[in-house]
Number of protein chains: 2
Amino acid sequence: MNQQVEPIQRIALQLSRLPGIGQKSALRLAYHIVSLPEDQVHDLAVALWEGRKAVHFCARCGNYTEGELCSVCADPERRNDQLCVVRDPKDVAALERMRDYRGLYHVLGGTLSPMNGVGPEDIRIRELLERLSSEPIQEVILATNPDIEGEATATYIARLVKPLGVRVTRIAHGVPVGSDLEYADEVTLAKALEGRREV
Amino acid sequence: MNQQVEPIQRIALQLSRLPGIGQKSALRLAYHIVSLPEDQVHDLAVALWEGRKAVHFCARCGNYTEGELCSVCADPERRNDQLCVVRDPKDVAALERMRDYRGLYHVLGGTLSPMNGVGPEDIRIRELLERLSSEPIQEVILATNPDIEGEATATYIARLVKPLGVRVTRIAHGVPVGSDLEYADEVTLAKALEGRREV
(Lines give C-alpha, C1' and ligand atoms only; values in the text may rest on other atoms or scores of the structure.)
Protein backbone atom coordinates (compact mmCIF):
# COMPACT_ATOMS: atom_id res chain seq x y z
CA MET A 1 0.00 0.00 0.00
CA ASN A 2 1.17 3.46 -0.75
CA GLN A 3 1.75 5.59 2.34
CA GLN A 4 1.22 9.00 0.79
CA VAL A 5 -1.86 10.57 -0.70
CA GLU A 6 -1.29 10.89 -4.43
CA PRO A 7 -1.43 14.73 -4.71
CA ILE A 8 1.14 14.97 -1.90
CA GLN A 9 3.38 12.57 -3.81
CA ARG A 10 2.96 14.64 -6.97
CA ILE A 11 3.95 17.83 -5.11
CA ALA A 12 6.95 16.09 -3.51
CA LEU A 13 8.07 14.66 -6.86
CA GLN A 14 8.02 18.11 -8.48
CA LEU A 15 9.82 19.77 -5.56
CA SER A 16 12.50 17.04 -5.45
CA ARG A 17 13.53 18.08 -8.97
CA LEU A 18 14.74 21.44 -7.64
CA PRO A 19 18.42 21.75 -6.69
CA GLY A 20 19.23 21.15 -3.02
CA ILE A 21 15.84 19.58 -2.23
CA GLY A 22 16.14 15.86 -1.52
CA GLN A 23 13.26 13.40 -1.37
CA LYS A 24 12.80 13.77 2.39
CA SER A 25 12.73 17.59 2.32
CA ALA A 26 10.42 17.48 -0.70
CA LEU A 27 7.97 15.30 1.20
CA ARG A 28 8.18 17.49 4.30
CA LEU A 29 7.53 20.57 2.14
CA ALA A 30 4.62 18.82 0.37
CA TYR A 31 2.98 18.04 3.73
CA HIS A 32 3.49 21.66 4.73
CA ILE A 33 1.99 22.93 1.48
CA VAL A 34 -1.23 20.92 1.74
CA SER A 35 -1.60 22.17 5.32
CA LEU A 36 -1.51 25.83 4.19
CA PRO A 37 -4.63 27.90 3.46
CA GLU A 38 -5.62 27.56 -0.20
CA ASP A 39 -4.95 31.21 -1.02
CA GLN A 40 -1.34 30.98 0.17
CA VAL A 41 -0.69 27.99 -2.10
CA HIS A 42 -2.43 29.86 -4.91
CA ASP A 43 -0.08 32.84 -4.40
CA LEU A 44 2.94 30.51 -4.48
CA ALA A 45 1.81 28.69 -7.64
CA VAL A 46 0.96 31.97 -9.39
CA ALA A 47 4.31 33.55 -8.42
CA LEU A 48 6.15 30.57 -9.90
CA TRP A 49 4.22 30.38 -13.15
CA GLU A 50 3.67 34.11 -13.79
CA GLY A 51 7.24 34.79 -12.69
CA ARG A 52 8.67 32.25 -15.11
CA LYS A 53 6.57 33.64 -17.96
CA ALA A 54 7.53 37.25 -17.20
CA VAL A 55 11.30 36.70 -17.20
CA HIS A 56 13.34 36.55 -20.38
CA PHE A 57 16.80 37.56 -21.56
CA CYS A 58 17.92 41.15 -22.09
CA ALA A 59 18.29 41.68 -25.84
CA ARG A 60 21.66 43.34 -25.30
CA CYS A 61 23.54 41.60 -22.48
CA GLY A 62 21.67 38.34 -21.81
CA ASN A 63 20.77 39.22 -18.22
CA TYR A 64 17.25 38.43 -16.94
CA THR A 65 14.66 41.13 -17.50
CA GLU A 66 10.93 41.70 -17.70
CA GLY A 67 11.25 44.26 -20.49
CA GLU A 68 13.32 44.55 -23.65
CA LEU A 69 16.49 45.66 -21.85
CA CYS A 70 17.62 44.75 -18.32
CA SER A 71 17.82 47.41 -15.61
CA VAL A 72 21.59 47.80 -16.10
CA CYS A 73 21.45 48.22 -19.89
CA ALA A 74 18.48 50.58 -19.60
CA ASP A 75 20.29 52.80 -17.07
CA PRO A 76 21.77 55.83 -18.95
CA GLU A 77 24.15 56.52 -16.06
CA ARG A 78 26.14 53.32 -16.50
CA ARG A 79 29.56 53.61 -18.16
CA ASN A 80 29.37 52.11 -21.64
CA ASP A 81 33.13 51.61 -22.04
CA GLN A 82 33.48 48.77 -19.51
CA LEU A 83 32.03 45.31 -20.06
CA CYS A 84 32.02 42.64 -17.37
CA VAL A 85 31.69 39.10 -18.77
CA VAL A 86 29.93 36.59 -16.47
CA ARG A 87 28.42 33.14 -16.82
CA ASP A 88 24.90 33.57 -15.40
CA PRO A 89 22.35 36.28 -14.61
CA LYS A 90 22.81 35.46 -10.93
CA ASP A 91 26.46 36.51 -11.25
CA VAL A 92 25.21 39.92 -12.40
CA ALA A 93 23.05 40.11 -9.27
CA ALA A 94 26.06 39.15 -7.10
CA LEU A 95 28.24 41.86 -8.66
CA GLU A 96 25.46 44.45 -8.46
CA ARG A 97 25.11 43.82 -4.71
CA MET A 98 28.62 45.28 -4.41
CA ARG A 99 27.39 48.64 -5.87
CA ASP A 100 30.94 49.52 -6.97
CA TYR A 101 30.85 48.54 -10.60
CA ARG A 102 29.29 51.12 -12.92
CA GLY A 103 29.91 49.51 -16.32
CA LEU A 104 27.82 47.07 -18.37
CA TYR A 105 27.60 43.28 -18.42
CA HIS A 106 27.68 40.47 -20.91
CA VAL A 107 26.11 37.20 -19.77
CA LEU A 108 27.52 34.15 -21.56
CA GLY A 109 24.77 31.77 -20.48
CA GLY A 110 27.33 29.05 -19.72
CA THR A 111 31.04 28.26 -19.79
CA LEU A 112 33.09 26.22 -22.24
CA SER A 113 33.00 22.56 -21.25
CA PRO A 114 34.27 20.06 -23.84
CA MET A 115 33.38 17.23 -21.41
CA ASN A 116 29.72 18.28 -21.53
CA GLY A 117 29.79 19.17 -25.22
CA VAL A 118 29.57 22.92 -24.65
CA GLY A 119 31.63 24.70 -27.34
CA PRO A 120 32.17 28.39 -28.19
CA GLU A 121 29.08 28.42 -30.42
CA ASP A 122 26.88 27.27 -27.50
CA ILE A 123 27.54 30.31 -25.32
CA ARG A 124 27.12 33.98 -26.21
CA ILE A 125 30.69 34.63 -27.49
CA ARG A 126 29.60 35.67 -31.01
CA GLU A 127 27.25 38.24 -29.42
CA LEU A 128 30.18 39.51 -27.31
CA LEU A 129 32.33 40.07 -30.41
CA GLU A 130 29.42 41.86 -32.14
CA ARG A 131 29.07 44.18 -29.14
CA LEU A 132 32.83 44.92 -29.21
CA SER A 133 32.52 46.08 -32.83
CA SER A 134 29.33 48.13 -32.36
CA GLU A 135 29.76 49.59 -28.83
CA PRO A 136 32.51 51.93 -27.52
CA ILE A 137 33.95 49.30 -25.18
CA GLN A 138 37.51 49.96 -23.91
CA GLU A 139 37.85 47.18 -21.35
CA VAL A 140 36.53 43.63 -21.05
CA ILE A 141 36.59 42.32 -17.44
CA LEU A 142 36.49 38.53 -17.37
CA ALA A 143 34.51 37.55 -14.26
CA THR A 144 33.77 33.89 -14.95
CA ASN A 145 34.13 31.59 -11.93
CA PRO A 146 37.63 30.64 -10.75
CA ASP A 147 37.10 26.97 -11.65
CA ILE A 148 38.47 24.93 -14.57
CA GLU A 149 35.66 25.80 -16.97
CA GLY A 150 35.55 29.45 -15.95
CA GLU A 151 39.33 29.79 -16.41
CA ALA A 152 39.24 28.03 -19.79
CA THR A 153 36.42 30.30 -20.94
CA ALA A 154 38.26 33.42 -19.74
CA THR A 155 41.45 32.34 -21.54
CA TYR A 156 39.52 31.57 -24.72
CA ILE A 157 37.78 34.95 -24.74
CA ALA A 158 41.01 36.81 -23.89
CA ARG A 159 42.71 35.30 -26.95
CA LEU A 160 39.82 36.42 -29.19
CA VAL A 161 39.47 39.90 -27.76
CA LYS A 162 43.08 41.05 -27.23
CA PRO A 163 43.88 41.28 -30.98
CA LEU A 164 40.95 43.74 -31.31
CA GLY A 165 42.91 46.29 -29.27
CA VAL A 166 40.55 46.12 -26.28
CA ARG A 167 41.97 45.96 -22.77
CA VAL A 168 41.24 42.54 -21.24
CA THR A 169 41.39 42.00 -17.46
CA ARG A 170 40.56 39.10 -15.14
CA ILE A 171 39.09 39.51 -11.64
CA ALA A 172 41.61 38.83 -8.87
CA HIS A 173 41.81 35.47 -7.13
CA GLY A 174 42.94 35.30 -3.53
CA VAL A 175 41.96 34.72 0.05
CA PRO A 176 38.38 35.89 0.63
CA VAL A 177 38.01 38.88 2.93
CA GLY A 178 37.06 37.82 6.46
CA SER A 179 38.24 34.25 6.00
CA ASP A 180 41.14 32.47 7.65
CA LEU A 181 44.42 31.64 5.87
CA GLU A 182 44.38 28.28 7.60
CA TYR A 183 41.23 27.25 5.74
CA ALA A 184 42.22 28.49 2.29
CA ASP A 185 43.09 25.74 -0.20
CA GLU A 186 46.57 25.65 -1.76
CA VAL A 187 45.48 26.87 -5.20
CA THR A 188 43.80 29.92 -3.68
CA LEU A 189 46.88 30.61 -1.54
CA ALA A 190 49.16 30.27 -4.57
CA LYS A 191 46.94 32.71 -6.51
CA ALA A 192 46.96 35.10 -3.53
CA LEU A 193 50.78 35.06 -3.40
CA GLU A 194 51.08 35.42 -7.16
CA GLY A 195 48.73 38.42 -7.14
CA ARG A 196 50.44 40.16 -4.19
CA ARG A 197 50.71 43.98 -4.28
CA GLU A 198 52.97 46.62 -2.68
CA VAL A 199 51.60 48.10 0.51
CA MET B 1 18.87 50.15 -7.39
CA ASN B 2 17.31 46.76 -6.94
CA GLN B 3 19.56 43.90 -7.94
CA GLN B 4 16.90 41.31 -8.75
CA VAL B 5 14.30 41.27 -11.47
CA GLU B 6 10.91 41.72 -9.82
CA PRO B 7 9.35 38.34 -10.79
CA ILE B 8 12.44 36.57 -9.41
CA GLN B 9 12.02 38.50 -6.16
CA ARG B 10 8.36 37.51 -6.02
CA ILE B 11 9.23 33.83 -6.48
CA ALA B 12 11.97 34.04 -3.85
CA LEU B 13 9.65 35.77 -1.38
CA GLN B 14 7.01 33.05 -1.75
CA LEU B 15 9.57 30.24 -1.46
CA SER B 16 11.21 31.81 1.61
CA ARG B 17 7.88 31.39 3.44
CA LEU B 18 8.27 27.59 3.30
CA PRO B 19 9.91 25.87 6.28
CA GLY B 20 13.65 25.23 5.98
CA ILE B 21 14.09 27.60 3.02
CA GLY B 22 16.03 30.72 3.96
CA GLN B 23 16.32 33.90 1.90
CA LYS B 24 19.52 32.78 0.17
CA SER B 25 18.17 29.34 -0.81
CA ALA B 26 14.91 30.94 -1.92
CA LEU B 27 16.80 33.26 -4.24
CA ARG B 28 18.95 30.45 -5.60
CA LEU B 29 15.80 28.39 -6.23
CA ALA B 30 14.08 31.36 -7.89
CA TYR B 31 17.01 31.79 -10.30
CA HIS B 32 16.87 28.08 -11.04
CA ILE B 33 13.12 28.21 -11.65
CA VAL B 34 13.26 31.04 -14.19
CA SER B 35 16.02 29.12 -16.01
CA LEU B 36 13.79 26.04 -16.45
CA PRO B 37 11.70 25.37 -19.57
CA GLU B 38 8.23 26.90 -19.19
CA ASP B 39 6.44 23.53 -19.21
CA GLN B 40 8.46 22.27 -16.24
CA VAL B 41 7.53 25.35 -14.19
CA HIS B 42 3.93 24.90 -15.31
CA ASP B 43 3.98 21.28 -14.05
CA LEU B 44 5.39 22.44 -10.71
CA ALA B 45 2.83 25.23 -10.27
CA VAL B 46 -0.04 22.94 -11.27
CA ALA B 47 1.13 20.17 -8.91
CA LEU B 48 1.18 22.65 -6.03
CA TRP B 49 -2.18 24.22 -6.70
CA GLU B 50 -4.13 21.16 -7.91
CA GLY B 51 -2.49 19.10 -5.16
CA ARG B 52 -3.53 21.53 -2.45
CA LYS B 53 -7.09 21.64 -3.79
CA ALA B 54 -7.35 17.85 -4.05
CA VAL B 55 -6.29 17.10 -0.48
CA HIS B 56 -8.67 17.33 2.46
CA PHE B 57 -9.27 15.55 5.75
CA CYS B 58 -10.67 12.03 6.07
CA ALA B 59 -14.19 12.35 7.51
CA ARG B 60 -13.45 9.57 9.99
CA CYS B 61 -9.86 9.86 11.23
CA GLY B 62 -8.61 13.29 10.09
CA ASN B 63 -5.82 11.91 7.88
CA TYR B 64 -5.22 13.49 4.45
CA THR B 65 -7.22 12.01 1.60
CA GLU B 66 -8.48 12.76 -1.88
CA GLY B 67 -11.80 11.00 -1.29
CA GLU B 68 -14.32 10.82 1.56
CA LEU B 69 -12.28 8.33 3.60
CA CYS B 70 -8.48 7.94 3.69
CA SER B 71 -6.83 4.79 2.35
CA VAL B 72 -6.50 3.32 5.86
CA CYS B 73 -10.13 3.90 6.87
CA ALA B 74 -11.34 2.63 3.48
CA ASP B 75 -9.34 -0.60 3.78
CA PRO B 76 -11.71 -3.39 5.00
CA GLU B 77 -8.74 -5.52 6.08
CA ARG B 78 -7.60 -3.14 8.82
CA ARG B 79 -8.40 -4.12 12.41
CA ASN B 80 -11.15 -1.85 13.71
CA ASP B 81 -10.47 -2.52 17.41
CA GLN B 82 -7.13 -0.65 17.59
CA LEU B 83 -6.84 3.11 17.30
CA CYS B 84 -3.51 4.88 17.08
CA VAL B 85 -3.71 8.57 18.07
CA VAL B 86 -1.20 10.87 16.34
CA ARG B 87 -0.73 14.59 15.91
CA ASP B 88 -0.40 15.03 12.14
CA PRO B 89 -1.18 13.22 8.89
CA LYS B 90 2.56 12.92 8.31
CA ASP B 91 2.80 10.83 11.49
CA VAL B 92 0.32 8.41 9.90
CA ALA B 93 2.61 8.19 6.86
CA ALA B 94 5.62 7.54 9.13
CA LEU B 95 3.82 4.73 10.98
CA GLU B 96 2.49 3.24 7.74
CA ARG B 97 6.05 3.01 6.37
CA MET B 98 6.67 0.44 9.13
CA ARG B 99 3.96 -1.85 7.65
CA ASP B 100 3.49 -3.58 11.03
CA TYR B 101 0.45 -1.76 12.36
CA ARG B 102 -2.88 -3.02 11.04
CA GLY B 103 -5.29 -0.94 13.11
CA LEU B 104 -6.87 2.45 12.47
CA TYR B 105 -5.72 6.01 13.23
CA HIS B 106 -7.07 9.15 14.79
CA VAL B 107 -5.32 12.38 13.77
CA LEU B 108 -5.62 15.14 16.37
CA GLY B 109 -4.48 17.95 14.10
CA GLY B 110 -2.29 19.39 16.84
CA THR B 111 -1.23 18.92 20.45
CA LEU B 112 -2.29 20.71 23.61
CA SER B 113 -0.22 23.82 24.09
CA PRO B 114 -1.46 26.32 26.68
CA MET B 115 1.48 28.60 25.78
CA ASN B 116 0.15 28.89 22.21
CA GLY B 117 -3.49 28.95 23.25
CA VAL B 118 -4.25 25.45 21.96
CA GLY B 119 -6.78 23.82 24.28
CA PRO B 120 -8.66 20.48 24.17
CA GLU B 121 -11.44 22.01 22.05
CA ASP B 122 -8.93 23.08 19.35
CA ILE B 123 -7.77 19.54 18.53
CA ARG B 124 -9.90 16.55 17.56
CA ILE B 125 -10.43 15.11 21.07
CA ARG B 126 -14.24 15.36 20.95
CA GLU B 127 -14.20 13.39 17.66
CA LEU B 128 -11.99 10.78 19.36
CA LEU B 129 -14.50 10.32 22.19
CA GLU B 130 -17.35 10.05 19.66
CA ARG B 131 -15.45 7.31 17.80
CA LEU B 132 -14.87 5.43 21.06
CA SER B 133 -18.63 5.36 21.67
CA SER B 134 -19.63 4.42 18.11
CA GLU B 135 -16.79 2.10 17.00
CA PRO B 136 -15.73 -1.26 18.54
CA ILE B 137 -12.38 0.07 19.74
CA GLN B 138 -10.60 -2.01 22.42
CA GLU B 139 -7.23 -0.20 22.57
CA VAL B 140 -6.12 3.40 22.13
CA ILE B 141 -2.38 3.69 21.34
CA LEU B 142 -1.08 7.18 22.14
CA ALA B 143 1.61 7.96 19.57
CA THR B 144 2.02 11.71 20.00
CA ASN B 145 5.62 12.95 19.92
CA PRO B 146 7.83 12.37 22.96
CA ASP B 147 8.09 16.12 23.67
CA ILE B 148 6.42 18.22 26.35
CA GLU B 149 3.27 18.97 24.34
CA GLY B 150 3.00 15.41 23.02
CA GLU B 151 3.34 13.98 26.54
CA ALA B 152 0.81 16.43 27.98
CA THR B 153 -1.66 15.56 25.22
CA ALA B 154 -1.14 11.82 25.77
CA THR B 155 -1.68 12.21 29.53
CA TYR B 156 -4.81 14.32 28.98
CA ILE B 157 -6.34 11.80 26.57
CA ALA B 158 -5.41 8.84 28.79
CA ARG B 159 -7.32 10.42 31.70
CA LEU B 160 -10.41 10.89 29.53
CA VAL B 161 -10.34 7.48 27.89
CA LYS B 162 -9.38 5.10 30.73
CA PRO B 163 -12.69 5.56 32.62
CA LEU B 164 -14.50 4.36 29.46
CA GLY B 165 -13.03 0.88 29.98
CA VAL B 166 -10.79 1.08 26.89
CA ARG B 167 -7.17 -0.10 27.09
CA VAL B 168 -4.81 2.89 26.76
CA THR B 169 -1.14 2.42 25.79
CA ARG B 170 1.75 4.75 25.01
CA ILE B 171 4.46 4.00 22.42
CA ALA B 172 7.82 3.11 23.99
CA HIS B 173 10.56 5.70 24.42
CA GLY B 174 14.18 4.59 24.33
CA VAL B 175 17.42 4.56 22.43
CA PRO B 176 16.71 4.54 18.66
CA VAL B 177 17.74 1.36 16.84
CA GLY B 178 21.11 1.75 15.11
CA SER B 179 22.14 4.74 17.20
CA ASP B 180 24.90 5.01 19.76
CA LEU B 181 24.32 5.12 23.55
CA GLU B 182 27.02 7.76 23.76
CA TYR B 183 24.92 10.20 21.74
CA ALA B 184 21.59 9.59 23.47
CA ASP B 185 20.42 12.41 25.73
CA GLU B 186 19.83 11.75 29.43
CA VAL B 187 16.04 11.84 29.25
CA THR B 188 16.01 9.25 26.47
CA LEU B 189 18.46 7.06 28.43
CA ALA B 190 16.33 7.37 31.55
CA LYS B 191 13.23 6.36 29.54
CA ALA B 192 15.17 3.46 28.02
CA LEU B 193 16.20 2.19 31.48
CA GLU B 194 12.71 2.69 32.89
CA GLY B 195 11.20 0.72 30.01
CA ARG B 196 13.71 -2.16 30.17
CA ARG B 197 12.42 -5.69 29.53
CA GLU B 198 13.52 -9.24 30.43
CA VAL B 199 15.63 -10.94 27.80
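How many bridges join strand S5 (residues 139-142) of chain B to S6(B), and do the two strands run parallel or antiparallel? Four bridges join them, and the strands run parallel. This pairing belongs to a predicted model, and the close-up views below treat the sheets, salt bridges and a surface patch of that model in turn.

**View 1. The sheet of chain B is open and has four strands in the order S4-S3-S5-S6.** The pairing in this sheet is parallel. Strand S4 (104-107) and strand S6 (167-170) of chain B stand at the edges, and because each has a single partner strand, one side of each is left without a neighbour in the sheet. Neighbouring strands are turned against each other by 25° on average, with direction ignored. Within the pairing of S5(B) and S6(B), which run parallel, Val140(B) has Val168(B) in S6(B) as its bridge partner. Strands of a sheet pair through backbone hydrogen bonds, in either the parallel or the antiparallel sense.

**View 2. The sheet of chain A is likewise described as open, with four strands in the order S4-S3-S5-S6 and parallel pairing.** Its edge strands are strand S4 (104-107) and S6 of chain A, each of which pairs on one side only. On average, neighbouring strands of this sheet are turned by 25° against each other when direction is ignored. S3(A) and S4(A) pair in the parallel sense over four bridges, and the bridge partner of Val86(A) in S4(A) is Val107(A).

**View 3. Strand S5 (residues 139-142) of chain A has side chains that point two ways.** Glu139(A) and Ile141(A) point one way from this strand, whereas Val140(A) and Leu142(A) point the other way, and all of these residues are buried. Strand S3 (residues 82-86) of chain A pairs with S5(A) in the parallel sense over four bridges, and in that pairing Cys84(A) has Ile141(A) as its bridge partner in S5(A). S5(A) is also joined by four bridges to strand S6 (residues 167-170) of chain A, again with the two strands running parallel, and here the bridge partner of Leu142(A) in S6(A) is Arg170(A). Between S5(A) and S6(A) the chain crosses through helix H6 (residues 148-161) of chain A, and this β-α-β crossover is right-handed.

**View 4. A salt bridge joins Glu139(B) and Arg167(B) across two strands of chain B.** The side chains of these two residues meet at 3.5 Å, N to O. The pair links distant parts of the chain, since Glu139(B) lies in strand S5 of chain B and Arg167(B) in strand S6 of chain B, 28 residues apart. Glu139(B) is buried, with a relative accessible area of 11%, whereas Arg167(B), with a relative accessible area of 53%, is exposed.

**View 5. Two salt bridges of chain B lie within helices, one in helix H1 (residues 6-16) and one in helix H5 (residues 125-134).** In helix H1, Arg10(B) forms a salt bridge with Glu6(B), and the closest N and O atoms are 2.4 Å apart. These two residues are four residues apart, about one turn of the helix. Arg10(B) is partly exposed, with a relative accessible area of 32%, and Glu6(B) also counts as partly exposed, at 37% relative accessibility. In helix H5, Glu130(B) forms a salt bridge with Arg126(B), where the closest N and O atoms are 3.1 Å apart. Because Glu130(B) and Arg126(B) are four residues apart in this helix, about one helical turn separates them. Glu130(B) counts as partly exposed at 41% relative accessibility, while Arg126(B), at 56%, counts as exposed.

**View 6. Arg60(A), Arg131(A) and Glu135(A) are linked in a network of salt bridges in chain A.** For the structure as a whole, a search over all chains finds 19 salt bridges.

**View 7. A nonpolar patch on the surface of chain B is formed by Leu129(B), Tyr156(B), Leu160(B) and Leu164(B).** Together these residues have about 310 Å² of accessible area. One of them, Leu160(B), has its place in helix H6 (residues 148-161) of chain B. Leu160(B) is partly exposed, with a relative accessible area of 32%.

Note on methods
Residues are numbered from 1 along each chain as its sequence is written. Chains are lettered from A and ligands numbered from 1 in the order in which they are written. This is a predicted model: local features need pLDDT of at least 70, side-chain atom pairs count only at pLDDT 80 or more; totals for chains, interfaces and linings use all residues. Side-chain values use heavy atoms; hydrogens and water are left out. Patches are made of residues with over 30% relative accessible area and no salt bridge: like charges are joined within 9 Å, nonpolar side chains (Val, Leu, Ile, Met, Phe, Trp, Tyr) within 5 Å. Accessible areas come from the Shrake-Rupley method with a 1.4 Å probe; for residues, only the protein chains shown count as cover. A salt bridge is a side-chain nitrogen of Lys or Arg within 4 Å of a carboxyl oxygen of Asp or Glu. Buried means under 20% relative accessible area, exposed over 50%, partly exposed in between (1.4 Å probe, protein chains only). Two strands pair if DSSP finds at least two bridges between them. A crossover is right-handed if, with the strands pointing away from the viewer, the path from the first strand over the helix to the second runs clockwise. Axes are lines fitted to C-alpha atoms, for helices over the stretch in contact, and angles run from 0 to 180 degrees between N-to-C directions.
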